[in-house]
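Colleague: I should like a close look at one part of this model, with its surroundings described as they bear on that part. Please give the cut-off for each term as you use it.

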Amino acid sequence: MIIRILGEGLFDLSEDERTKLEELDQKLVTAMESNNPTDFETALEALLNMVRQAGKPVPPDEFKTSEFVLPNEDATLEEIKAMLAEEELPQGNLTPSEESS
């Protein structure tokens, strides 16, 4: 599966990593819903590190559709909330798949 980290690039993750990715994504969503910036930063860092470590970077000249889109590591809780409000994404789905779009 292809994961995009905004401002960083694409990563190709094995389908075997989906459960771990979804667990970390849920922690991020929970931190966002609890409006806790510290927990949000910790959860975001864990999620991004997992993608970087388990994924293989996709060369920038390859065009692939990403299944999940993640904020960059400098994103704040307030920025993500604003972005989600603009995008009108379903609540509790920080990293929507192409199928749900």
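Across which strands does helix H2 (residues 37-54) lie, and at what angle to S1 does it run?

Modeller: This is a predicted model, in which local features need pLDDT of at least 70 and side-chain atom pairs count only at pLDDT 80 or more, whereas totals for chains, interfaces and linings use all residues. Residues are numbered from 1 along each chain as its sequence is written, and side-chain values use heavy atoms, with hydrogens and water left out.

Helix H2 lies across S1, strand S2 (9-12), S3 and S4, and runs at about 130° to S1. The angle is taken between N-to-C directions, on a scale from 0 to 180 degrees, of lines fitted to C-alpha atoms, for helices over the stretch in contact; contact means heavy atoms within 4.5 Å. Helices (H or I, at least four residues) and strands (E, at least two) are DSSP runs numbered from the N terminus. The protein has 3 helices and 4 strands, which follow one another as β-β-α-α-β-β-α from the N terminus.

H2 comprises 18 residues and spans 26 Å from its first C-alpha to its last, close to the 26 Å expected at 1.5 Å a residue; that expectation is 1.5 Å times one less than the number of residues. At its N-terminal end, asparagine 36 acts as a cap, with a side-chain oxygen 3.0 Å from the backbone nitrogen of threonine 38. Such a polar contact is a pair of N or O atoms within 3.5 Å, one able to donate a hydrogen and the other to accept it; residues adjacent in sequence count only if both atoms are side-chain atoms.

The buried residues of H2 (under 20% relative accessible area; exposed is over 50%, partly exposed in between, with a 1.4 Å probe and protein chains only) are Phe40, Ala43, Leu44, Leu47, Leu48, Met50 and Val51. They lie on the same side of H2 because they cover an arc of only 155° around the axis, judged by the directions from the helix axis to the C-beta atoms. The face turned away from this buried side carries the exposed residues Thr38, Glu41 and Gln53.

Phenylalanine 40, which lies in H2, is buried with a relative accessible area of 0%. Leaving aside residues up to four places away in sequence, phenylalanine 40 touches Leu28, Ala31, Met32, Ala75, Thr76, Leu77 and Ile80. Its C-alpha is 8.3 Å from that of threonine 30, 10 residues away in sequence.

The strands that H2 crosses belong to an open sheet of 4 strands in the order S3-S2-S1-S4, with mixed pairing. Strand S3 (56-57) and strand S4 (68-70) are the edge strands, each pairing on one side only. Two strands pair if DSSP finds at least two bridges between them. S1 and S2 are antiparallel over 4 bridges, and arginine 4 stands opposite leucine 10 in S2. The hairpin that they form has 3 residues between the strands, and glycine 7 takes a positive phi near 80° there. S2 and S3 are likewise antiparallel, over 2 bridges, with aspartate 12 partnered by lysine 56 in S3. Strand S1 (residues 2-5) and S4, in contrast, run parallel and are joined by 3 bridges; isoleucine 5 has leucine 70 of S4 as its bridge partner.
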